[in-house]
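Here's a quick briefing to read with the model open beside you. Let's start with the end of one helix and work outward from there.

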Amino acid sequence: MMEKKSGKCIVIGAGDLTVGQIAVGEEDMVIAVDGGLTYCDILQIEPDMIIGDFDSISDAGAAAVQELEKSIPDRIIRLPAEKDDTDMLAALKLGLEKGYRDFRIYAGMGGRFDHSYANIQCLLFLKHQGAVGYLVDGDGMILLIQNEEITFRAGMEGYISLLTLGGDAQGVTIKGLKYTVEDAVLRSDFPIGISNEFIGQEATVTVKDGCLVCIISYVFSIQETIPGGIQ
């Protein structure tokens, strides 16, 4: 089994890029997914690996990939257009194979809704592999809460929505937010968990049985939210 890496796996997709910079540490690995290679150029980030079928890349980007395949073939993985795994899922599997268990996905939302929804499902895939993933953008992030308790630090600002994924969520307890519940059932046909709010207190969300999509928006500082803000 691959030794667990202490750094983050930073995955840059081909969706909407909503950040002006991405901090990359020495122990981090950067994977550009298809058209995400263009974003790496914009952000002046050199990816460690480039993966995709390259159907969402510009002509100039496609030419660049062809040149990279000649100069650094070991860092390029060209996928077939017809396949079971999405490009994003293939990238996450690559990160897992390299030993990473903390994933930050940028430009994973926007554009086609089906791709955005598929990337939320990819977060669940990571959980089932014993890893954690965040879909990060400039105004917030998306994570999953499944059969666990998540704590948010005091001082966070903004909205937090909790919506079911894969059926009803049982035993939901929400503390420290504007709207609280104790041992409730959140149903998949009733979006009551939309637009809750941080109120400056430490907050916890507990799910005994089920999975919630946690959508945080308009956070005062997303960099204060992860990794230290969620414990």
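Right after helix H1 comes Gln44, and its phi is positive, near 60°. Keep in mind that this is a predicted model. H1 itself spans residues 36–43, and it's one of four helices in a protein chain that also has 14 strands.

**Helix H1**
- The buried residues here are Gly36, Leu37, Tyr39, Cys40 and Leu43.
- They all sit on the same side of H1, because the arc they cover around the axis is only 155°.
- Flip to the face turned away from that buried side and you'll find the exposed residues Asp41 and Ile42.
- The cover over the buried residues of H1 includes three strands, S1 (9–12), S2 (29–33) and S3 (49–52), along with helix H2 (59–71).

**Helix H3**
- H3 runs over residues 87–97 and is mostly covered, with nine of its 11 residues buried.
- The buried set is Asp87, Met88, Leu89, Ala90, Ala91, Leu92, Leu94, Gly95 and Leu96.
- S1, S2 and S3 turn up among the elements covering the buried residues of H3, as do strand S4 (76–78), strand S5 (102–106) and H4.
- Gly99 follows H3, and its phi is positive too, near 100°.

**Asn119 in helix H4**
- Asn119 belongs to helix H4, which covers residues 113–128.
- Is Asn119 buried or exposed? Its relative accessible area is 8%, and the cut-off for buried is under 20%, so Asn119 counts as buried.
- Leaving out residues up to four places away in sequence, Asn119 touches Met88, Gly108 and Leu135.
- One of those partners, Met88, is also on the list of buried residues in H3.

**The chain as a whole**
- How does the radius of gyration fit a compact globule? For 231 residues the expected value is near 17 Å, and the protein chain has 18 Å, which agrees.
- Along the principal axes, the C-alpha atoms fill a box of roughly 60 × 35 × 35 Å.
- Buried residues account for 48% of the 231 in the protein chain.
- Of the contacts with a separation of 6 or more, 65% link residues 24 or more positions apart.

**Surface and charge**
- About 11800 Å² of the protein chain is exposed, and carbon and sulfur atoms supply 49% of that area.
- Side-chain charges come to 18 positive and 35 negative, with the centres of the two sets 4 Å apart.

Conventions. Residues numbered from 1 in each chain as written. Predicted model: local features only at pLDDT ≥ 70, side-chain atom pairs only at ≥ 80, totals over all residues. Heavy atoms only, no water. Buried < 20%, exposed > 50% of the residue type's maximum accessible area, 1.4 Å probe, protein only. Helix = DSSP H or I, 4+ residues; strand = E, 2+ residues; numbered from the N terminus. Arc of directions from axis to C-beta. Contact = heavy atoms within 4.5 Å. Rg over C-alpha atoms; globule rule 2.2 N^0.38 Å. Areas by Shrake-Rupley, 256 points an atom, 1.4 Å probe, with all protein chains shown as cover. Lys, Arg positive; Asp, Glu negative; His and termini not counted. Charge placed at Lys NZ, Arg CZ, Asp CG, Glu CD.
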